[in-house]
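Reader: Could you take me through one part of this model closely, the nonpolar core, and then follow whatever connects to it in the surrounding structure? I would prefer a careful, connected account.

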Amino acid sequence: MKKFQNNIKTIVLLLLALSFNACEDIVQVDLDDENLDLISVEAYLTTNQKNNIIVKLEKSLQVDNAAQNPPINNARIEISDDQTIPNSVLLVEQENLGLYRLPKNSAYLALPGRTYTITITTPDGVTITGQEYLQKVEPLDTVKVNLSARGDYEYLAVFVSTQETPGLGHYYKWDIYVNNRLLYGSDNLAFANDELVDGNYIYDIELFTDWYDDEEEDEDGNIESDRVLFIGD
């Protein structure tokens, strides 16, 4: 019995020795000023009837610079589709913020099944182009509020049900707004793909859980009285 106990101690000591001698790789990232002033493009195109195009242009800064990236003003931005006679529109900058939208009192009809091209020309003469296919997305059948199993049924959540479009390779992201304010924190990111559910009907996807705390001020409010909006991509 004593010999067995000694063997146990030996194994434990061996495991401890292995844990203290674990490999450690140090990755050094070479940060320099060579690739500063790169152009950041953030663009949205949806099938909404109004305000369905948003493009944001900025210049990059050093990684360790906490300042806001400077906007790129006075750029020429054109959106067009792949039709024989392209449906095109020039965007207008909003208040020198590097944010470009449709001209006031105008509309642009974006249709699923078409490929859209964005062409950007900066005041410095730099031209950037990109293309994206506008995929059809099935509408949500139901949206309901119910208790969430994530919090042992102590919190409310928003659930949706919908038909997944047949054909692998679809990715989904939902932007969640509570009282017209976008929830952009990492804990509120809602995204999925169709790898395991291709072509199936999906019941009760939990997209938003209201983790309110009665003892603390809740910035998002309580879901019972809030207005929650989902925008899907």
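Author: In this predicted model, the largest nonpolar core has 17 residues, and those that touch the most other members are Ile-53, Val-55, Leu-57, Ile-77, Ile-79 and Leu-91. Two or more residues of this core come from each of strand S2 (53-59), strand S3 (76-80) and strand S7 (115-121). Ile-77 shows how such contacts are spread along the sequence: leaving aside residues up to four places away, Ile-77 touches Val-55 and Leu-57, then Val-89, Leu-90, Leu-91 and Tyr-100, and finally Ile-118, Thr-119 and Ile-120. Apart from this core lies another, of 10 residues, which includes Trp-174, Ile-176, Ala-190 and Phe-208.

Trp-174 also belongs to an aromatic pair, and the whole structure holds four such pairs. The ring centres of Tyr-172 and Trp-174 are 6.2 Å apart and the ring planes meet at 15°, and because planes under 30 degrees apart count as stacked, this pair is a stacked one. Tyr-172 and Trp-174 are both buried.

The second largest pocket, with a volume of about 560 Å³, is lined by 26 residues, of which Tyr-44, Ile-54, Asp-175, Tyr-177 and Leu-182 are the closest to its centre. Two or more lining residues are given by each of strand S1 (39-45), S2, strand S6 (99-101), strand S11 (171-178) and strand S13 (190-193), so that S2 is an element shared by this lining and the largest nonpolar core. S11 contributes the most to the lining, with five residues. By residue class, the lining of this second largest pocket consists of 14 nonpolar, five polar and seven charged residues.

Two residues deserve a separate look for their backbone angles. Most residues other than glycine have a negative phi. Tyr-153, however, has a positive phi, near 60°, and is placed in the loop between strand S9 (140-147) and strand S10 (156-163). With a relative accessible area of 52%, Tyr-153 is exposed, because that class begins over 50%. Asp-204 likewise has a positive phi, near 50°, but its place is within strand S14 (residues 201-209). The relative accessible area of Asp-204 is 36%, and therefore Asp-204 counts as partly exposed.

Notes. Residues are numbered from 1 along each chain as its sequence is written. This is a predicted model: local features need pLDDT of at least 70, side-chain atom pairs count only at pLDDT 80 or more; totals for chains, interfaces and linings use all residues. Side-chain values use heavy atoms; hydrogens and water are left out. A nonpolar core is a set of buried Ala, Val, Leu, Ile, Met, Phe, Trp, Tyr and Cys residues joined through side-chain atoms within 4.5 Å. Buried means under 20% relative accessible area, exposed over 50%, partly exposed in between (1.4 Å probe, protein chains only). Helices (H or I, at least four residues) and strands (E, at least two) are DSSP runs, numbered from the N terminus. Contact means heavy atoms within 4.5 Å. On a 1 Å grid over the protein atoms alone, a cavity is a set of points where a 1.4 Å probe fits but cannot get out, and a pocket is an open set with protein on both sides within 12 Å along at least five of seven lines; lining residues have an atom within 4 Å of a point. Grid points are joined across faces, edges and corners, and a volume is the space filled by probe spheres set on the points. Ala, Val, Leu, Ile, Met, Phe, Trp, Tyr, Cys and Pro count as nonpolar, Asp, Glu, Lys and Arg as charged, and the others, Gly among them, as polar. Rings of Phe, Tyr and Trp (its six-membered ring) pair if their centres lie within 6.5 Å; planes under 30 degrees apart count as stacked, over 60 as edge-to-face and the rest as tilted.
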